[in-house]
Amino acid sequence: MSQPTIESILQEKRLFPPSAEFSQNAQIKSLEEYQHLYDKAKADPEAFWDQLAKSELHWFQKWDKVLDWQPPFAKWFVNGKINISYNCLDRHLTTWRKNKAAIIWEGEPGDSRTLTYAQLHREVCQFANVLKSLGVKKGDKVGVYMPMIPEAAVAMLACARIGAVHSVVFGGFSAEALRDRLIDGQAKLVITADGGWRKDAIVGLKPQVDKALEAGAVPSVENVLVVQRTKQEVNMQEGRDHWWHELQQKASADCPAEPMDSEDMLFILYTSGSTGKPKGVVHSTGGYNLYTHMTTKWIFDLNDTDVYWCTADVGWITGHSYIVYGPLSNGATTVMYEGAPRGSNPGCFWDVIEKYGVTVFYTAPTAIRAFIKMGEQHPNARDLSSLRLLGTVGEPINPEAWMWYHKVIGGERCPIVDTWWQTETGGIMITPLPGAIASKPGSATRPFPGILADIVDLDGNPAGDNEGGYLVVKHPWPSMMRTVYGDDDRFRRTYWEHIAPKDGKYVYFAGDGARRDEDGYFWVMGRVDDVLNVSGHRLGTMEVESALVSHPAVAEAAVVGKPDELKGEEVVAFVTLEGTYQGSDELSKELKSHVVKEIGAIARPGEIRFTDALPKTRSGKIMRRLLRNLAAGQEVSGDTSTLEDRSVLDKLREGT
Ligand code: WT7
């Protein structure tokens, strides 16, 4: 199966409007209604968000000003006081939703648990008191390194409740990656579990935390809280480590939500860029709450009869915004799943949908492609008739996978929302509103109301129809990242200085290339920087290169992406060796494991190619474009005249 190419996308003319029945019952019922909202928001974005903030959320104190924009720094709902845990929990307790399922958890192997809003509220309050008892205060940073269990959501909401800043680190990251993130974020406490289930095995999480904290490597960490999940023996360091269940039992369930300033930091989440170490993306409270609330409501079209399931991990922004905060703020039922698709359980997603009657299902193209490969007999053997709406996120979806999703999973009746956004944007930016906008397979379609997206050249001039360019956002939006943690300058450089319009206005540059067709539909083509998208996860080529050169055998490394049927892209590393080292299968294996140890399994190179030299320009820049061609087994295209030594290229070619 191929990734979308410009040619295939331009040929894609199929249009899939929602059924009349879907539209009638939808939150936003027609193209006219969408257009009206879009126009209204465009004409006066501040008035648009002002009204929604008033009608949709609880505030302890109203704001003085909707937006304070000192480019590129934005403040939303200035001086407003709010607490997102209050909006996700307390306000539902005075309604019939008190006893509605908030979280339905499907664990491994066959475990399950349901928490109503009242139960979740109680757990969160107790755990907030546990955090307080360990000295966690407003503004303190808390690392969360957890499997997909309800306690992960409880931990996040408890932090938010007392004004602590959570920094969730995906449980698949290595001890080294965890350590870097805890140091950068100055975590005072870490919340983890003894272990978690990954595929069919137990993986230790606490041992990774121990390793990350070894020899006082993270001096800011005073305490570690450990959920007992997998029950194997773990080391508990006296005075530092505590069992979650022991402290939780003793804690009072009385913990009023702390009124937070709208601009107080809610969380830090690390993501890869094209240069340097992963950056801590900072999100704040009020704007993030409003934007994730509105996007969840209008895009996933949630009603009180819905059972909503997003298959992401809470370690990523999708889990933050669309498993925890957005759905709970709406009083919805959100499913959390600990498992993962795998050969030994090729029907696992469809079992969960059947078991709980999932109505709205949100997953990633890479998962869809994996299921296509496993065969349609698996979904066909389950009752998927409860589904009414499908979504995808993480990378461009190839039209073939879109059609399979539409037919085999959606029974040709469910609209598909292809949602484009990023860790930095906090919420979905370009997407169909499912009752209003007809889909085209492979297109994220139109911007959400209030989002002024455009496609431009480097000077900020708008591209014509079907002309490629850079995807930008021209006006601030409530859930935009506020800065890179501890590095305002990097924030400005990375996102606001690549595109320089002549009028001096600041535009947000997302790092993606895209085009817009004659109907105003956006087609996202993928990253234009040195960022790879492996199974919907972002990976900086430089991060993998740094991991490789930290191995004694490696002199130099250049990493590129190669198109892959399942993962979208696969990591290919070109490596030159130190002195006497010789390339071998063994060394290749060792280097792959080394990358896993340094970063985590998501970064494991699919291929290591040993070479005597890397193709460089006369000024010493590695010509990745050539390496990308070579990795993909294509003819080297474009200009090679700047190459310093042509024989390097010839040798690399021969080696393939
Ligand atoms: C990058 C952001 C935001 C959730 C998951 C990833 C790519 C994301 C789409 C889509 C085409 C997409 C972009 C973007 N991307 N969604 N629907 N169509 N590309 O978050 O790790 O911050 O990565 O993922 O390249 O820049 P992330």
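Reader: Before we look at Lys-81 and Asp-261, what is a salt bridge?

Author: A salt bridge is a side-chain nitrogen of Lys or Arg within 4 Å of a carboxyl oxygen of Asp or Glu. The general idea is that side chains of opposite charge can pair when their charged atoms come close. This is a predicted model, and by that rule the count comes to 42 salt bridges. In one of them, Lys-81 pairs with Asp-261, and their closest N and O atoms are 3.1 Å apart.

Reader: Thanks! Which parts of the chain does that pair tie together?

Author: Lys-81 sits in strand E3 and Asp-261 in strand E13, so the bridge links parts 180 residues apart in sequence. Lys-81 is partly exposed, with 23% relative accessibility, and Asp-261 is also partly exposed, at 21%.

Reader: And Glu-338 with Arg-229: how far apart are the closest N and O atoms?

Author: They are 2.7 Å apart. Glu-338 lies in the loop between strand E17 and helix H13, and Arg-229 in the loop between strand E11 and strand E12, so this pair joins parts 109 residues apart in sequence.

Reader: Is Glu-338 buried or exposed?

Author: Glu-338 is buried, with a relative accessible area of 5%. Arg-229 is buried too, at 13%.

Reader: Where do helices come in?

Author: Take Glu-545 and Arg-624, which form a salt bridge. Glu-545 belongs to helix H18 and Arg-624 to helix H20, so the pair ties together parts 79 residues apart in sequence.

Reader: Which residues form a network through shared partners?

Author: Lys-206, Asp-210, Arg-240 and Asp-241 are joined into one network by salt bridges that share partners.

Definitions and conventions. Residues numbered from 1 in each chain as written. Predicted model: local features only at pLDDT ≥ 70, side-chain atom pairs only at ≥ 80, totals over all residues. Heavy atoms only, no water. Helix = DSSP H or I, 4+ residues; strand = E, 2+ residues; numbered from the N terminus. Buried < 20%, exposed > 50% of the residue type's maximum accessible area, 1.4 Å probe, protein only.
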